[in-house]
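Open the model in your viewer and keep the sequence panel beside it. The tour moves from one selection to the next.

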Amino acid sequence: MDHLPADLTRALYRHMRTARDLDTEAIALQRQGVFPAYVSVRGQEAAQVASATALDSTRDFVFPTYREMASALAYGVEMVGYMASHRALWHGGLYDVMASRFGAVNAVVGGPVPHAVGWAVGERLRGDDGVALAYFGDGASSEGDVHESMNFAGVFRAPVVFFCQNNQWALSVPNDRQVAGGSVAARADGYGLPGVLVDGNDAGAVYEATAEAVARARRGDGPTVIEALTYRVEPHSTSDDPSRYRDGAETARWRERDPVELLRRALLAAGHAAEEDLAEDDARAREQAARIRDGVAAAPEPDGSDLFTHVFRETTEELSRQRRTWKEEVEL
Ligand SMILES: Cc1ncc(C[n+]2csc(CCOP(=O)(O)OP(=O)(O)O)c2C)c(N)n1
Ligand SMILES: [Mg+2]
């Protein structure tokens with residue numbers, strides 16, 4: 001950590017701290033009935049914030065799953081609009097996916113990975129130098145989509161970073177039931193790609209591994225598989241009860257390796273910040289999280305007729321009929 005610049009590590013800390021607070025707010029919003037459901041990022045803030053920070057948001061493109069709130073924040077996505085995805089206000093939230101260069105929440109396990117490879121191949125064909133980063137989980141790593149994507153990207157040397165957050169659980173299924181041999185990174189070998197295993201709770205290590213993979217892809221040397229070893233300390237989602245399938249002692253051990261706390265200690269030890277600086281960052285993070293919470297809770301409901309708006313470029317007779325029926329029913 002001490003060999004990374006102070007302003008970079010401090011920025012990582014600020015984003016991780018804000019993501020932590022926003023995560024807590026989001027779980028509360030679900031409990032209050034504002035969000036139908038939410039998937040916690042807690043424990044994975046280093047993996048997400050540091051990987052997203054290693055990208056260039058003016059030319060790269062991120063393909064996230066449903067769990068990448070901290071990445072979105074660090075990448076500079078407008079967060080009220082992004083969190084609206086969890087309120088189910090609109091299909092992909094209320095932010096501009098194309099302008100943000102950060103894909104919509106994707107709940108199809110493994111789904112963002114072929115999208116990232118497709119975009120990356122397109123980028124090369126255009127002669128541009130953007131890099132795609134695909135997020136996926138340990139569970140997703142056993143989906144066919146992910147293997148086909150790695151093979152295709154390896155053959156075509158697509159500028160893509162395959163970023164696996166191995167949080168050791170795929171809902172109620174443990175890692176050893178998803179990954180024979182225990183290593184996602186080791187699978188890269190079979191596709192002719194470098195595979196890097198990194199401590200996913202060490203923000204500095206994640207940043208360096210991702211920056212190297214991004215530089216490699218950008219100069220035309222092809223994809224990298226990064227496996228960031230971390231842990232999902234919260235339930236899979238707000239609908240889940242992990243006491244039915246995992247030992248609380250394991251979770252307690254990982255809570256001790258809290259990435260936000262680890263970075264805080266590293267910043268102090270490296271002399272990159274003093275206690276007062278971090279207290280200021282913490283206060284600002286709480287304010288920012290509260291502002292985003294209030295914004296998303298107050299966002300107006302879309303008009304129900306929007307259900308029919310973007311089905312086709314031009315509406316059909318049948319859709320118009322459905323729209324009329326819908327209108328008659330809500331106006332009853
Ligand atoms: C194609 C597909 N299969 C199954 C599911 C149901 N499902 C949702 S999340 C999940 C577990 C995914 O685990 P992992 O890839 O490790 O990601 P994590 O939730 O741990 O971040 C499953 C099986 C789904 N959404 N999509
Ligand atoms: Mg997982």
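The angle between two helices is taken between their axes, which are lines fitted to C-alpha atoms over the stretch in contact, and it runs from 0 to 180 degrees between N-to-C directions. Keep in mind throughout that this is a predicted model.

**Stop 1: α2 and α8**

Select residues 45-53, which form helix α2, and residues 203-218, which form helix α8. These helices pack at an angle of about 35°, and their axes are 8 Å apart. Their crossing is right-handed.

Now show the side chains where the two helices meet. On the α2 side, pick A46, A47, A50, S51 and T53. On the α8 side, pick A203, V206, Y207 and T210. Sorted by class, the contact of α2 with α8 has six nonpolar residues, three polar residues and no charged ones.

**Stop 2: α6 and α7**

Next select residues 112-126 for helix α6 and residues 144-156 for helix α7. Here the angle is about 15° and the axes lie 8 Å apart. Angles under 35 degrees count as roughly parallel, and α6 and α7 are therefore roughly parallel to each other. The crossing of α6 and α7 is left-handed.

Which residues of α6 and α7 make the contact? From α6, choose V113, P114, V117, V121 and R124. From α7, choose D145, V146, S149, F152, A153 and F156. By class, this contact of α6 with α7 has eight nonpolar, one polar and two charged residues.

**Stop 3: the largest pocket**

Rolling a probe the size of a water molecule over the atoms shows where empty space is left. Select Y66, G137, G139, A140 and W169, which are the closest to the centre of the largest pocket among the 20 residues that line it. The space in this pocket is about 300 Å³.

Then colour strands β3 (132-137) and β5 (169-170), since each supplies at least two residues of the pocket lining. The lining of the largest pocket has eight nonpolar, nine polar and three charged residues.

**Stop 4: the cavity**

How many cavities of 30 Å³ or more are there? The count comes to one. The largest cavity has a volume of about 60 Å³.

To find the largest cavity, select its lining in two groups. One group is I27, R31, Y38, V39 and S40. The other is E234, P235, H236, S237 and T238. By class, the lining of the largest cavity has four nonpolar, four polar and two charged residues.

Note on methods:
Residues are numbered from 1 along each chain as its sequence is written. Chains are lettered from A and ligands numbered from 1 in the order in which they are written. This is a predicted model: local features need pLDDT of at least 70, side-chain atom pairs count only at pLDDT 80 or more; totals for chains, interfaces and linings use all residues. Side-chain values use heavy atoms; hydrogens and water are left out. On a 1 Å grid over the protein atoms alone, a cavity is a set of points where a 1.4 Å probe fits but cannot get out, and a pocket is an open set with protein on both sides within 12 Å along at least five of seven lines; lining residues have an atom within 4 Å of a point. Grid points are joined across faces, edges and corners, and a volume is the space filled by probe spheres set on the points. Ala, Val, Leu, Ile, Met, Phe, Trp, Tyr, Cys and Pro count as nonpolar, Asp, Glu, Lys and Arg as charged, and the others, Gly among them, as polar. Helices (H or I, at least four residues) and strands (E, at least two) are DSSP runs, numbered from the N terminus. Angles under 35 degrees count as roughly parallel, over 145 as roughly antiparallel, 65 to 115 as roughly perpendicular and the rest as oblique. A crossing is left-handed if the near helix is turned anticlockwise from the far one by less than a right angle, and right-handed if clockwise. Contact means heavy atoms within 4.5 Å.
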